[in-house]
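Reader: I would like a close look at a single part of this protein, followed outward into whatever surrounds it. Please take your time over the answer.

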Amino acid sequence: MALLTILEFPDPRLRTKAVAIAPAAVSEPAFQQLLDDMFETMYEAPGIGLAASQVDVHQRFMVIDISEEKNTPMVFINPEILAKDGEEVCQEGCLSVPNIFADVTRAANIRVRAHDRKGEAFELDADGLLAVCIQHEMDHLDGKLFVDYLSPLKREMVKKKLAKAAREKAAA
């Protein structure tokens, strides 16, 4: 397995809309290895979700594991939200926007349809952290980031804070 590079805001590649994966590609060894590498990258970061777009692979899939023990990996290939209900405000962070957290309003309950790691179709009702994580990662697949939910002023402050952190890191 290998750690992948996570793109960071404001990298324009994060704005790319991902394309659907052909069902035949799911069983390819290279795709299965990419899934393993994404899980390893997500766990190392550490995070609870990682969309392919964040590692510069612009295909519609993501990996998630919201368990404390990091032993419940989930793969969502070509996910689509079938239904949304309610509203919930949750403080979100993002591996592509390091050390920045903000309140985001999302649907409290969702029903999602996707394919799993083996290419098997499934539907899932999600709420709480899982619902937030699925919606957050699906935004990535559409070229959207959680900072897009912020006011333009706050978004500009985030850009400046990340640029300053990058300069300090480069100087160290």
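Which residue in β3 is the bridge partner of Val63?

Author: In this predicted model, the bridge partner of Val63 in β3 is Val75. Val63 itself has its place in strand β2, and the bridge belongs to an antiparallel pairing in which β2 and β3 are joined over 4 bridges.

Val63 is a good place to begin. The residue is buried, with a relative accessible area of 0%, and, when residues up to four places away in sequence are not counted, Val63 touches Leu35, Met38, Phe39, Met42, Ile48, Gly49, Leu50, Met74 and Val75. Of these neighbours, Leu50 deserves a separate word, since the C-alpha atoms of Val63 and Leu50 are separated by 5.4 Å, although the two residues are 13 apart along the chain.

These contacts lead into the nonpolar interior. The largest nonpolar core has 18 residues, and those that touch the most other members are Phe31, Met38, Leu50, Phe61, Val63 and Ile77. Two or more residues come to this core from each of α1 (29-44), β2 (61-64) and β3 (74-85), with α1 giving the most, 6 residues. Ile77, another of the residues named for this core, is in contact with Ile21, Val26, Phe31, Arg60, Phe61, Ala114, His115, Asp116 and Arg117, once its neighbours within four places in sequence are left aside. Apart from this core lies another, of 16 residues, among them Met62, Phe76, Ala107 and Ala131.

From β3 one can move on to the next strand. β3 pairs with strand β6 (residues 109-115) in the antiparallel sense over 6 bridges, and within that pairing Lys84 has Ile110 as its bridge partner in β6, while Ala83 has Arg111. The side chains alternate along β6: Ile110, Val112 and Ala114 point to one face and are buried, whereas Asn109, Arg111, Arg113 and His115 point to the other face and are not buried. β6 in turn pairs with strand β7 (residues 121-127), again in the antiparallel sense, over 7 bridges, and here the bridge partner of Arg111 in β7 is Asp125. Arg111 is therefore a bridge partner on both sides, of Ala83 in one pairing and of Asp125 in the other. The two strands β6 and β7 form a hairpin with 5 residues between them, and Gly119 in the turn has a positive phi of about 90°.

Helix α2 (residues 128-141) can be taken next. This helix has 14 residues and reaches 21 Å from its first C-alpha to its last, close to the 20 Å expected at 1.5 Å a residue. Because 12 of its 14 residues are buried, α2 is largely enclosed by the rest of the structure; the buried residues are Leu130, Ala131, Val132, Cys133, Ile134, Gln135, His136, Glu137, Met138, Asp139, His140 and Leu141. Ala131 is also among the members of the 16-residue core. After α2 comes Gly143, whose phi is positive, near 80°.

Within helix α2 lies Glu137, where UniProt, in an unreviewed entry, places the feature "active site". Such a record annotation may be inferred rather than shown by experiment. In the model, Glu137 is buried, with a relative accessible area of 4%. Leaving aside neighbours within four places in sequence, Glu137 is in contact with Gly49, Leu50, Ala51, Gln54, Met62 and Ile64. Gly49 and Leu50 also appear in the list of residues that Val63 touches, which brings the account back to its starting point.

A bench reader may also wish to know about the cysteines. The structure holds 0 disulfides. The sulfur of Cys90 is 10.0 Å from the closest cysteine sulfur, in Cys133, and this is too far for a bond, because a disulfide requires the two sulfur atoms to be within 2.5 Å. Their surroundings can be stated separately: Cys90 counts as partly exposed, at 22% relative accessibility, whereas Cys133 is buried, with a relative accessible area of 4%.

Helix α3 (residues 152-171) offers a contrast with α2. Its 20 residues should span 28 Å at 1.5 Å a residue, and its end C-alpha atoms are 29 Å apart, which agrees. Of those 20 residues the number buried is 2, so α3 lies largely in the open, while α2 is largely enclosed by the rest of the structure.

Key
Residues are numbered from 1 along each chain as its sequence is written. This is a predicted model: local features need pLDDT of at least 70, side-chain atom pairs count only at pLDDT 80 or more; totals for chains, interfaces and linings use all residues. Side-chain values use heavy atoms; hydrogens and water are left out. A nonpolar core is a set of buried Ala, Val, Leu, Ile, Met, Phe, Trp, Tyr and Cys residues joined through side-chain atoms within 4.5 Å. Buried means under 20% relative accessible area, exposed over 50%, partly exposed in between (1.4 Å probe, protein chains only). Contact means heavy atoms within 4.5 Å. The expected span of a helix is 1.5 Å times one less than its number of residues. Two strands pair if DSSP finds at least two bridges between them.
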